[in-house]
Amino acid sequence: MRTFAIEDDFYLDNKPFKVISGAIHYFRVVPEYWQDRLEKLRLMGCNTVETYVPWNLHEAQEGVYQFDGILDLQRFIQTAEEVGLYVILRPAPYICAEWEFGGLPYWLLQDPMMKLRFDYPPFMEKITRYFAHLFPQVRDLQITQGGPIIMMQVENEYGSYANDKEYLRKMVAAMRQQGVETPLVTSDGPWHDMLENGSIKDLALPTINCGSNIKENFEKLRRFHGEKRPLMVMEFWIGWFDAWGDDQHHTTSTQDAVKELQDCLALGSVNIYMFHGGTNFGFMNGSNYYERLAPDVTSYDYDALLTEWGEPTAKYQAFKKVIADYTEIPEFPLSMEIERKAYGTFSVKERVSLFSTIDTISQPIISNYPLSMEACNQATGYIYYRSLIGPARKIADYRLINTMDRAHTFINQELLRIDYDQEIGQTYSFDLSESENELGILVENMGRVNYSVKMNHQHKGIKDGVIINGAFQSNWEIYPLPMDNLHAIDFQGKWQKGQPSFSRFECVFDECADTFIELPGWGKGFVQVNGHTIGRFWEKGPQQRLYVPAPFLKIGMNEIIVFESDGKIADEIVFHDQADLGPEA
């Protein structure tokens, strides 16, 4: 039996072992490309791959579990082993990762007393139930069972959230109860009280997350250990993420990153975050919230060593040279060749307003008061509220109370205003002119916050209500719009200028290659390709083109559906062979 141990150093089969790892999130990469990305990691000299595990995909609806397709964690780990890589697994419940709600499932918020990431019995019960389904997927893949998993992580950056050690200890117990045999680690920033808050030194090795000042931060970790223990940067940040509205695509200095990598490897072990970032497919991007809401873009390129579309960068080559000083670099041919193609420009075939087809894609819920997405058993997407608000008169006080994240107000299906983040909740006035008037409110979940103190307050849609002239409005029709059934759109319906709409394109391709969709002249929305939601677009940038991996395409006719929410549309989309993530510094 093979062994991996954490003592004064890392030991693989009783010999000192330097972990040289890179992060790849299997759920951000189409399965057809897993082997390609893992081979490129091995060819750079890394001996290990690290991945998070997103609870909110594997149990998207409470009690319903999925471990196939892009969520086939077992297959990803087996592929890593075939390529010659060991595995570090970071299995939740919280992953951060610039991912919707930090990987936590939305339905946790259906409990009004929920305390996330604390020893709150209902939270622990749901984690324990999930672990009972998750760990059987990987139990036999641990090194103790002849597999490639050498370490697993307890929670994630817990020290920057809380210091409930009983919660951490119960998390360890829940993992061990499900057959976890590998050594355990925690990971925290080296600042303030984070290491102290997030560590359980008798049960898991503390490691650090940072992107600079490695020598100084390793010295902090050494002092914190209080004895000779392995030093490891579990997240060596070599890039950064982009948010909608940023003025540029974030990049970092290769020269600076190389210097810090040299220090990592001279003094200890490393996991490079990210080796390959991939894509926030669907509506799964997360958000940060400090002074304002900052939702992440669809691309998770991260200025990583491989681009979003899997191409090695200059930083990759520079890191490979550093790693060559510490290990032999393998040589073998890549198993696949991935091409990119500019398919050109295509014109719209059909178009219909959301309001004309809403009854074919959603079943209304009748309620005296608005219900949040969570109350409607909805995770992501949009939700539409409709109510009759009476005859012609002046509305002097119109307010949306506890509403997130972006709200379109319609009067008689004509757009009145769009409010976003801190604009929501302010008082507005307007005049009603018809004998009977309909109020419609379309609310978009822009991505639940994935880090820090606002995580307990991530109800999307309208949670409390709508004020009309000083009082809460009652009698609502509520249409959940997760946008997962666009095959039901009735394109024979009416299209009206200025309304949210669906546009359908038929694109005939003679071969399948990676490509990038640009939507010049369009406002805000999302794109679906042959039933795959590839992500959001927004004219404010910085990202200008959306990555479409070849496995989403087919030879012959491809159906592209574009949903646009702001009434700003064009008649064409363009396929390029190059990305455009925005201007760089």
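**Figure 1. Helix α8 and its span in this predicted model.** Let us start with helix α8, which covers residues 254-267. At 1.5 Å a residue, its 14 residues should span 20 Å, and the end C-alpha atoms are indeed 20 Å apart, which agrees. At the start of α8, look for Ser253: one of its side-chain oxygens comes to within 3.3 Å of the backbone nitrogen of Gln255.

**Figure 2. The buried residues of α8 and what they pack against.** Which residues of α8 are buried? They are Ala257, Val258, Glu260, Leu261, Asp263, Cys264 and Leu265. Around them you will find two helices, α7 (214-225) and α9 (314-323), together with the strands β4 (20-24), β10 (232-237) and β11 (269-276), and the buried residues of α8 pack against these elements.

**Figure 3. Helix α1 and its surroundings.** Helix α1 runs over residues 34-43, and 9 of its 10 residues are buried, so this helix is largely enclosed by the rest of the structure. The buried residues are Trp34, Asp36, Arg37, Leu38, Glu39, Lys40, Leu41, Arg42 and Leu43. Their cover includes β4, β5 (48-52), α3 (73-83), β11, α9 and β30 (545-548). After α1 comes Gly45, with a positive phi near 110 degrees.

**Figure 4. Gln35, a partly exposed residue of α1.** Gln35 is also found in helix α1, but this residue is partly exposed, with a relative accessible area of 32%. Which residues does Gln35 touch, not counting those up to four places away in sequence? The answer is Thr79, Val83 and Ser335. Ser335 is 300 residues apart from Gln35 along the chain, yet their C-alpha atoms are separated by 7.8 Å.

**Figure 5. Two nonpolar cores.** In soluble globular proteins, nonpolar side chains tend to be buried together. Here the largest nonpolar core has 140 residues, and Phe123, Phe236, Phe319, Val527 and Ile560 have the most contacts inside it. Apart from this core lies another, of 23 residues, among them Tyr385, Leu400, Ile411 and Leu432. For a closer look at the largest core, try Phe123: beyond its neighbours within four places in sequence, its contacts include Trp55, Pro93, Leu108, Met114 and Tyr167.

**Figure 6. The largest pocket and its lining.** How much space lies in the largest pocket? The volume is about 1,100 Å³. The pocket is lined by 42 residues, and the closest to its centre are Leu57, Gly282, Phe283, Met284 and Asp484. Helix α2 (55-58) and the strands β29 (532-538) and β31 (556-564) each supply at least two lining residues. Of the elements, α2 gives the most, with 3 residues.

**Figure 7. Asn156, a buried loop residue.** Asn156 sits in the loop between β7 (149-153) and α5 (165-177). Is Asn156 buried or exposed? At 0% relative accessibility, Asn156 counts as buried. Its side chain is joined to that of Arg90 by a polar contact of 3.3 Å. Leaving aside neighbours within four places in sequence, Asn156 is also in contact with residues including Tyr52, Tyr94, Arg117, Ser187 and Glu235.

**Figure 8. Asn450, in the loop between β22 and β23.** The final view shows Asn450, in the loop that lies between β22 (438-444) and β23 (461-468). Asn450 counts as buried, at 0% relative accessibility. Once neighbours within four places in sequence are set aside, the residues in contact with Asn450 include Tyr94, Cys96, Trp99, Phe101, Asn288, Asp296 and Met455.

Definitions and conventions:
Residues numbered from 1 in each chain as written. Predicted model: local features only at pLDDT ≥ 70, side-chain atom pairs only at ≥ 80, totals over all residues. Heavy atoms only, no water. Helix = DSSP H or I, 4+ residues; strand = E, 2+ residues; numbered from the N terminus. Expected span 1.5 Å × (residues − 1). Buried < 20%, exposed > 50% of the residue type's maximum accessible area, 1.4 Å probe, protein only. Contact = heavy atoms within 4.5 Å. Polar contact = N/O pair within 3.5 Å; in protein donor to acceptor, adjacent residues only side chain to side chain. Core = buried A, V, L, I, M, F, W, Y, C linked by side-chain atoms within 4.5 Å. 1 Å grid on protein atoms, 1.4 Å probe; cavity = no way out; pocket = protein on both sides within 12 Å on 5 of 7 lines; lining within 4 Å. Points joined across faces, edges and corners; volume = space filled by probe spheres on them.
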